[in-house]
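The following exercises are meant to be worked through with the sequence and the structure side by side. Each task is followed by a solution that proceeds step by step.

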Amino acid sequence: MRVGVITFPGSLDDRDALRAIRLAGGDAVSLWHGDHDLHGVDAIVLPGGFSYGDYLRCGAIAAHSPIMSDVVDAANKGMPVLGICNGFQVLVEAHLLAGGLIRNDHGTFVRRDQKLRVENVDTPWTSGYTQGQEITIPLKNGEGGFIADDETLRQLEGDGLVAFRYLNVNPNGSLNDIAGLRNARGNVVGLMPHPEHAVEPGFGPDTPAAMSSGTDGLAMFQSVLRATVLS
Amino acid sequence: MPKVIVEVMPKEVLLDPAGKATARALQRFGDGEITDVRIGKRFEITIDGEITPKTLEHIAEVAKGVLSNDVIEDVISIRVAD
């Protein structure tokens, strides 16, 4: 299974995402923002970082880069697409996911190991979790406050499109503690926290068992490998 | 060359943390008559040639589609610079 990771100018977690895909057992393929070529991948990850220095709005310029028209076409045909952090912002700006992401309500950058609840396992990126499972993965952002108008929010909640919710602490003022979303079809998922930073013992969040031993993010990449094999 | 000015503001209903922090700083000056600050964006767009109604139509399109995100912002003015 080939999973592509797009590098935009200013992406910084693209290599971590590629590594996470390899650790999950997939073939990781580097994709370039300026191409119109998805290199025959079966799924796509939009990584974290600060594409175009967050100029204009986070993710806004990247959302209009050449490869994104191919990503939107592929997503509309059902290809699994995951946006992490800045990648989530790009998906929102590309109108593949609802709502918007604004500066954290407390005005400062936040970095913490964040507890989340998996709210929806009916997507190719979350099928490896159990409904309601609590996971801990790193979070690091300055503009992660999820907002949407009342009607959109009601629709997201009513249709079960909230994929992940912050637990214990709402780190950025996100409405309804929303940490991640899916689209109606389920193939497109975006979240602010970073699953690709919790895939290998020794380099993840602390757990009660041992320091840095958390690997709760790995299931996201294993999920899509299983989903693309089955489809 | 002529210019078109586009102004974009965060939606009234949304929290503007940068504006709020600036307002707090400004309250250290003066007699406390400053109560709120909201920070928006001003784009100065240079046009090659004459500005026609079609130019302004095109600017309105990119203002709505690229320069602003209607989930979080409003385009509040598009005008030709003096």
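The pLDDT is the predictor's confidence in each residue, on a scale from 0 to 100. This is a predicted model, and chain B averages a pLDDT of 92, with 100% of the residues scoring at least 70. For the complex, the predictor gives an ipTM of 0.84 and a pTM of 0.94.

**Exercise 1.** Describe how strand β1 of chain A is placed among its neighbours.

*Solution.* Begin with burial: β1(A), residues 2-7, is mostly covered, five of its six residues being buried. Next, follow the pairing with strand β2 (residues 27-32) of chain A, which runs parallel to β1(A) and is joined to it by six bridges; within this pairing A:Ile6 has A:Leu31 as its bridge partner. Then turn to strand β3 (residues 43-46) of chain A, which is also parallel to β1(A) and is joined to it by three bridges, with A:Gly4 standing opposite A:Ile44. Finally, trace the connection: β1(A), helix α1 (residues 14-24) of chain A and β2(A) make up a β-α-β unit that is right-handed.

**Exercise 2.** Determine which side chains of strand β1 of chain B point to the buried face, and identify the strands that pair with β1(B).

*Solution.* In a regular strand the side chains alternate between the two faces of the sheet. Along β1(B), residues 3-10, one face receives B:Val4, B:Val6, B:Val8 and B:Pro10, which are buried, whereas B:Lys3, B:Ile5, B:Glu7 and B:Met9 point to the other face and are not buried; the cut-off for burial is 20 or more other C-beta atoms within 10 Å of the residue's own. As to pairing, strand β2 (residues 41-46) of chain B is antiparallel to β1(B) and linked to it over six bridges, and here B:Glu7 stands opposite B:Arg42. Strand β3 (residues 73-80) of chain B likewise runs antiparallel to β1(B), with seven bridges between them, and B:Pro10 has B:Glu73 as its bridge partner in β3(B).

**Exercise 3.** Characterise the side of chain B that touches chain A.

*Solution.* Count the contacts to start with: nine residues of chain B are in contact with 13 residues of chain A. Then ask which element contributes the largest share on the chain B side; helix α1 (residues 17-26) of chain B does, with three residues. Lastly, sort the residues on this side of chain B by character, which yields eight nonpolar, one polar and no charged.

How values were computed
Residues numbered from 1 in each chain as written. Chains lettered and ligands numbered in written order. Predicted model: local features only at pLDDT ≥ 70, side-chain atom pairs only at ≥ 80, totals over all residues. Contact = placed C-beta atoms within 7 Å. Helix = DSSP H or I, 4+ residues; strand = E, 2+ residues; numbered from the N terminus. Nonpolar A, V, L, I, M, F, W, Y, C, P; charged D, E, K, R; others polar. Buried ≥ 20, exposed ≤ 12 C-beta atoms within 10 Å, placed from the backbone. Pairing = 2+ DSSP bridges. Right-handed = clockwise from strand over helix to strand, strands pointing away.
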